[in-house]
Amino acid sequence: PMGATAGRHENELLYVGSRKASKGIETLVRAFADVRSHRPEIRLRLIGSPGPAADEARWQTLAGSLGVADAVTFEPAAPRDEVSAAMRRAGLFVHPSPHETFGMVAAEALASGLPVAATPSGGVDEIVGRDGQFGAIATSTAVPALADAIDRALAVSSRVDRAAMRAHVDSRYAAPAVARRAIEAYEAVAAQTRALPRQGRAAPVESTSAAAGESRTPFGLPLVLALARGQAVERVGLLPSALRDRLTIVTSPRGRYADDRDLPAWGHWLELDHERFFRDALAELERSVRPAGGLGRLKAAFGGPNLDRARKDLTARKDDVRREGTQQFLRDAIAQIERPGPARGSGGRHSLGHALPWIVALDADDIVMASRLASSVGRIAPGGLRWLADAWDAAGRPG
């Protein structure tokens, strides 16, 4: 619901969301401290699920070290009605996340008449706009840039047109508007599909070729990529157990997403930690550059490899190291999947020499990763879990 201007605490900044490190919490606390140095009346309220305990302690210690602990409150996750009330009370919503596919809380803040100051995260930029009408988008994800955006938004917050803000969100993101655009997108794709020749369409299951003398199972198990751990457990768990129990699912370790539930006993779960590949490469570098024993250390000190330079070179290649590690991780995962062999008795493991297997991507993060790696690892399936279940049904639910 829309909040009235009169009842607002204009100096209260509100953040709603997970407090894990990837959401930009450190940037927010530091930017708040910068702004409070010349606006001592402002306060910051954070509502949401805390991240790992060590991170939560770090944010509180940071607020204390910056001298703003008395002006920052860390609150647990709240029901929707309490979040709504908090949005109707605050003077400015802050969104420090460096990456977002959309940013639902920013849209909800605008709908309640609350202007937004945010980092340029992708989705939130579009929601708020860059014309300054409904808030401010920082020029970068750096602390000074977010502090500047907060200052700019606070300077005009009392004069914003809250009704126009609400109308902006309704016209673009309310259910009827989204439904209309979704229908238009489906109609456009359906028209393109009808125009394709039949042989140009992707088959939902592996092909059978009796003429070539091959005995193939008409259904090949995919690799399921589901980085959001809790969502993966919940959604994959809805599949028929005979299919679900045989799947290999790649997900994230604890700490990356807010829902960190335990992994179930069914299925084959693999935890993909992107940072581990860089940590392992760094450890291997230090082992190779620092020979064991006193004589080895003496040689390294006089003309041996320069460890600092080697570390910098490796750090410059960090993204490549993570990508290469992720590719090998997914190849290894796919190698464990039972795949249809070219002939009876030839074994059932997948070989990259044959057609690449399907990768079923559950959500936006999964699709982005799969699209970057699929050419060397597998084919992105033309649908999600519903497509997988339909393909399994079409294959006669093989055991």
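**Briefing: sheet, salt bridges and second largest pocket**

Strand S7 (residues 223–225) and strand S10 (residues 358–361) run parallel and are joined by three bridges. This is a predicted model, in which local features need pLDDT of at least 70 and side-chain atom pairs count only at pLDDT 80 or more, while totals for chains, interfaces and linings use all residues. Residues are numbered from 1 along each chain as its sequence is written, and side-chain values use heavy atoms, with hydrogens and water left out. Helices (H or I, at least four residues) and strands (E, at least two) are DSSP runs, numbered from the N terminus.

**The open sheet**

- S7 and S10 belong to an open sheet of five strands in the order S9-S8-S7-S10-S11, with parallel pairing; two strands pair if DSSP finds at least two bridges between them.
- The edges are held by strand S9 (268–271) and strand S11 (379–380), each with a single partner strand, so one side of each has no neighbour in the sheet.
- Between S7 and S10, Leu-225 stands opposite Ala-361 in S10.
- S7 also pairs with S8 in the parallel sense over three bridges, and Val-224 stands opposite Ile-249 in S8.
- S8 pairs in turn with S9, again in the parallel sense, over four bridges; here Ile-249 stands opposite Trp-269 in S9.
- In a regular strand the side chains alternate between the two faces of the sheet.
- Strand S8 (residues 248–251) is covered on both faces, with Thr-248 and Val-250 on one side and Ile-249 and Thr-251 on the other, all of them buried. Buried means under 20% relative accessible area, exposed over 50%, and partly exposed in between (1.4 Å probe, protein chains only).

**Salt bridges**

- The count comes to 26 salt bridges, a salt bridge being a side-chain nitrogen of Lys or Arg within 4 Å of a carboxyl oxygen of Asp or Glu.
- Glu-56 and Arg-19 meet through their side chains in one of these, at 2.8 Å from N to O. Glu-56 lies in helix H2 (residues 53–65) and Arg-19 in the loop between strand S1 (9–16) and helix H1 (25–36), so the pair ties together parts that are 37 residues apart in sequence.
- Glu-56 is buried at a relative accessible area of 13%, and Arg-19 is buried at 2% relative accessibility.
- Asp-245 and Arg-244 form a salt bridge of 3.0 Å, N to O. Asp-245 is partly exposed, with a relative accessible area of 40%, whereas Arg-244 counts as buried at 16%.
- Asp-319 forms a salt bridge with Arg-322, with the closest N and O atoms 2.5 Å apart. Asp-319 and Arg-322 are three residues apart in helix H14 (residues 318–335), so about one helical turn separates them.
- Glu-26, Arg-30, Asp-55 and Arg-58 are joined into one network by salt bridges that share partners.

**The second largest pocket**

- The second largest pocket has a volume of about 310 Å³. On a 1 Å grid over the protein atoms alone, a pocket is an open set of points where a 1.4 Å probe fits, with protein on both sides within 12 Å along at least five of seven lines; lining residues have an atom within 4 Å of a point. Grid points are joined across faces, edges and corners, and a volume is the space filled by probe spheres set on the points.
- Its lining has 14 residues, of which Arg-80, Val-83, Ser-84, Met-87 and Glu-108 lie nearest the centre. Helix H3 (80–89) and helix H4 (104–111) are the elements that give two or more residues to this lining.
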